[in-house]
Amino acid sequence: MGEAERGESAPRLRISFWCSNGHETQPSFASDAQIPETWDCPRCGFPAGKDEENPPDPPRTEPYKTHLAYVRERRSDEDGEAILAEALAKLRGEI
């Protein structure tokens with residue numbers, strides 16, 4: 001069992017934050033603490049702001065890319081053909 005609370009607790013403020021899904025969360029802060037502009041919603045994980053009418057936009061997530069997709073971004077089809085031709089020539093012993 002833990003120790004019993006001793007003394008006075010620090011004065012607290014409860015601040016409301018709203019996410020784009022309409023969830024409200026009210027974390028408490030010490031009265032002398034700096035209040036953040038955004039807070040992560042504990043229900044959906046989206047960022048929540050102090051303005052109920054204009055909550056922050058949810059983060060834009062990029063779809064998962066395979067290694068081949070990244071290679072295709074860096075190389076043109078001509079580059080790929082040249083690399084393949086060089087690799088095949090090495091395997092055939094032509095280089």
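This passage describes the overall fold, dimensions and surface of a protein of 95 residues. The model is a predicted one, so every value here is best read as a property of that prediction.

A good place to start is the secondary structure. The protein contains two helices and six strands. Followed along the sequence, these elements come in the order β-β-β-β-β-β-α-α.

Helix α2 offers a simple check that can be done by hand. This helix covers residues 77-92, which is 16 residues. With a rise of 1.5 Å a residue, a span of 22 Å is expected, and the C-alpha atoms at the two ends are indeed 22 Å apart, so expectation and model agree. Right after α2 comes Gly-93, which has a positive phi near 80°.

Next comes the overall shape. For a compact globule of 95 residues, the radius of gyration would be near 12 Å, whereas the protein has 28 Å. The extent of the C-alpha trace along the principal axes is about 85 × 40 × 25 Å.

How much of the protein is buried? Of the 95 residues, 15% fall into the buried class. The contacts add to the picture: among those between residues at least 6 apart in sequence, 27% link residues at least 24 apart.

Finally, the surface and the charges can be considered. The accessible surface amounts to about 8,300 Å², and carbon and sulfur atoms account for 48% of that area. The protein carries 12 positive and 19 negative side chains. The centres of these two sets are 6 Å apart.

Note on methods: Residues are numbered from 1 along each chain as its sequence is written. This is a predicted model: local features need pLDDT of at least 70, side-chain atom pairs count only at pLDDT 80 or more; totals for chains, interfaces and linings use all residues. Side-chain values use heavy atoms; hydrogens and water are left out. Helices (H or I, at least four residues) and strands (E, at least two) are DSSP runs, numbered from the N terminus. The expected span of a helix is 1.5 Å times one less than its number of residues. The radius of gyration is taken over C-alpha atoms; the globule rule is 2.2 Å times the number of residues to the power 0.38. Buried means under 20% relative accessible area, exposed over 50%, partly exposed in between (1.4 Å probe, protein chains only). Contact means heavy atoms within 4.5 Å. Accessible areas come from the Shrake-Rupley method with a 1.4 Å probe; for residues, only the protein chains shown count as cover. Lys and Arg count as positive and Asp and Glu as negative; His and the chain ends are not counted. The place of a charge is taken as NZ of Lys, CZ of Arg, CG of Asp or CD of Glu.
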